[in-house]
Amino acid sequence: MSKLSYITPEGLRIDGRRNNEIRRLNMKMGIFNRADGSAYYEQGNTKITVAVYGPREVASNQRMLHDRAIVNCEYSQAAFSSATDRKPTRKSDKQSYEIASLIKQAFESTIQITLFPRSQIDIYVQVLQADGGLKAAALNAATLAVIDAGLPMRDFICACSATFIEGVPLLDMNQMEERSGGADLLLSIQPQLGGVISLNMESKVPQDMFESVLELANLGCMKIFALLQTEVKRHSADLLSNQINPKS
Amino acid sequence: MKEILSKNEKDFILSSIDQGLRVDGRRLNDMRSIKINFGKQYGMVEVQLGRTRVYTTVTCEVTEPKPERPNEGFFIFNTDVSPMSSVSVDSSRGNPVEAELGRLIERGLKESRAIDTEALCIVAGSKVWKVKTNVHVLDDCGNLLDCASISVITALLHFRKPDVTVVGNDATIHPIDEREPVPLSIHHTPISITFGFFPKAIMIVDPDNKEEQVMDGKLSFYVNVHKEICGVSKGGGMSTTIEQVIKCSKISVIRATEITQLIREALHQNIQSRQKPSTRRKGLPFEIVEHSVPEPTTVAGTTVDIKMEIDTNNKQQQQTTSKPTTTTNNNSNNNNKEETKTKTTVDTSSIKQQQQQNNNNNSTTSNVKNTDIEMKDKKKTIEIDSDSDSEEEDTVVLSSTNTTKTTPSVNNPAKSTTTKSEEPTITSKPAVAKQQEQASPINLDEDSEDLSVALLKKKPAAKKKAAAKK
């Protein structure tokens, strides 16, 4: 394998970013009419749509909880989503199940599910184009969709990935950087309450480096939060103005 | 079926933890005791963490490699949470606990490059080893992940695959009785340490069953002795702060070091006992030693300490590492053997120097070796003849080198120095012993004193047994 330098001596990455810069975000809320809440989310070249249904009746009585809602998540990557991964089955394989489980756990702790006993909240995530940072992007997109559905949450969920390549901590990796083999840390936080919701890392990192990578991921999450919040406010203002002055 | 905790129990546990007390009397940062039992064959380990029990077996077979990776063997992990482990396990449905456990362990070992698949290659492109690890959860009393991770890494370290000779494209696999089997190539030993979170930013290490049901969230760190974090897993649950996470990472490194030492000692002891099956007689007291030269019990401990030194790769940590072992011992229900081994707090650095410097004292050679043997074996069985002594000298030396070799991948450079220093040990061991005597380690408790005294005075069996029972 050719020696690809992920970060030039000047500190620029493959796509020209610095080590502490996230990719460009592009968001839209309320893209589907049928779903209770939906969102379209782009982070660099990664494109994800999320639809949220709920609270609604539980599909099977066995799983119903008497004091809270169940959060159910399904994650799938479209067959055309990745140029490099050419495997056909994408829906129920292990990786999809893990990411769905991650999203489910994160939202179970953040959505106020005790307000909806005996109900079910479904979050469906569909990846249209995959270019790194899928789990983080899925969490962010799902946050927007859940807000669009009007479900009360304790706080936003902002997620960001960070890694450690060639001695430099990098924020928000694209697919090539992810594949480089460095540590892949996924951090999701509640930005306003200031807590860590989920933290996952594989691969080896020395402990002192771990702290710096963690701090960097935290920084990335706060940046993403600022952008998410702007979008939510803009969308809400839009909805309000439409109601007051309905466009034909 | 779910296991439901009554409200009273929940309130009790929460309010105790609020005051810094845990239901089983531990402090917030204490782990439960760890017991490691080995099975008859290589690669069979049962680990008890408190009352949680996990049994792991490692087997191997020869198979064809994947065409796109002709040089790599396979490591397959299979997790089985038995319905007998917990009320809430339903075998008719897929168990998410099982899947997650398997996934975390597999990831922790594979992604951190602890296990080397390329070392499993026999004949590139046609024959590789497939190492299958089966994890059976027998009893779920909290913190399955930690117990399973200890069990898996110990089993992988303990496992020996048959020796193979490759001539061209033909590989001959030697049966175990013909040739000594070969250990796997394990680069480092990641251990999982799990923390539980409670309101008011309280955090406990190693939650047990009831605490798990009551806690807000869980955070697991996979660390190794080199202070490298090989994996982090926190899913859902209550949010914690970044400072807490960093604090946990530091605690987990300390705990992992202790546990790794424990595993090494247990492995060492077990390998020693396998090396001399003919002399293994369980339950015989130490008094059979006929050599009355005072040999402090710390001799074999030296070798262990040296290993520990190598393992920690930091001479400065010598004292501190030996101290944690004692606390580990306090925490763990170790048998006497392990206790005596770990109580040695000798400066192994000084011993090493002495080893290299002193090559005298042949007179005490056989005696030293005997104690070496017995301490290494920790079997309370002693050899009798001088002839057998000399044989055992060789075996002792060989086995010591073997044992250091059996932990090859942990610290390769350090290991080579150990073997070098130990190879000429026939003469240097007595020096070691002597130095041991002179160093006269601060025997941390009466057990080791009893043993050394026993060696001196050939105390009756009763006392020995009493010491052993401690």
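The following exercises, with worked solutions, concern the interface of chain B and chain A and some backbone features.

The model is predicted, so local features need pLDDT of at least 70 and side-chain atom pairs count only at pLDDT 80 or more, whereas totals for chains, interfaces and linings use all residues. Residues are numbered from 1 along each chain as its sequence is written, chains are lettered from A in the order in which they are written, and side-chain values use heavy atoms, with hydrogens and water left out.

**Exercise 1.** Determine the extent of the interface between chain B and chain A.

*Solution.* Step 1: count the residues in contact (heavy atoms within 4.5 Å). Here 34 residues of chain B touch 30 residues of chain A. Step 2: take the buried area, that is, the accessible area (1.4 Å probe) that two parts lose on being put together, summed over both. This amounts to about 2600 Å², with carbon and sulfur atoms giving 54%.

**Exercise 2.** Identify the salt bridge formed by K204(A), and state which elements of chain B supply the side that touches chain A.

*Solution.* Step 1: apply the salt-bridge rule (a side-chain nitrogen of Lys or Arg within 4 Å of a carboxyl oxygen of Asp or Glu). Four are counted between the two chains. In one formed by K204(A), the partner is E228(B), and the closest N and O atoms lie 3.6 Å apart. Step 2: assign elements from DSSP runs (helices H or I, at least four residues; strands E, at least two). At least two residues each come from α2 (96-110), β14 (228-234) and α5 (242-275) of chain B. The largest share, seven residues, belongs to β14(B).

**Exercise 3.** Describe how β14(B) is joined to chain A.

*Solution.* Step 1: strands pair if DSSP finds at least two bridges between them. Strand β9 (residues 195-206) of chain A and β14(B) are joined by six bridges and run antiparallel. Step 2: locate a bridge partner; P206(A) is matched with E228(B) in β14(B). E228(B) is also the salt-bridge partner of K204(A).

**Exercise 4.** Find the loops that hold K200(B) and K227(B), and classify the accessibility of each residue.

*Solution.* Step 1: K200(B), with phi near 65°, is not a glycine and sits in the loop between β11 (191-198) and β12 (202-205) of chain B. K227(B), also not a glycine, has phi of about 60° and occupies the loop between β13 (217-223) and β14 of chain B. Step 2: use relative accessible area (buried under 20%, exposed over 50%, partly exposed in between; 1.4 Å probe, protein chains only). K200(B), at 66%, is therefore exposed, and K227(B), at 42%, is partly exposed.
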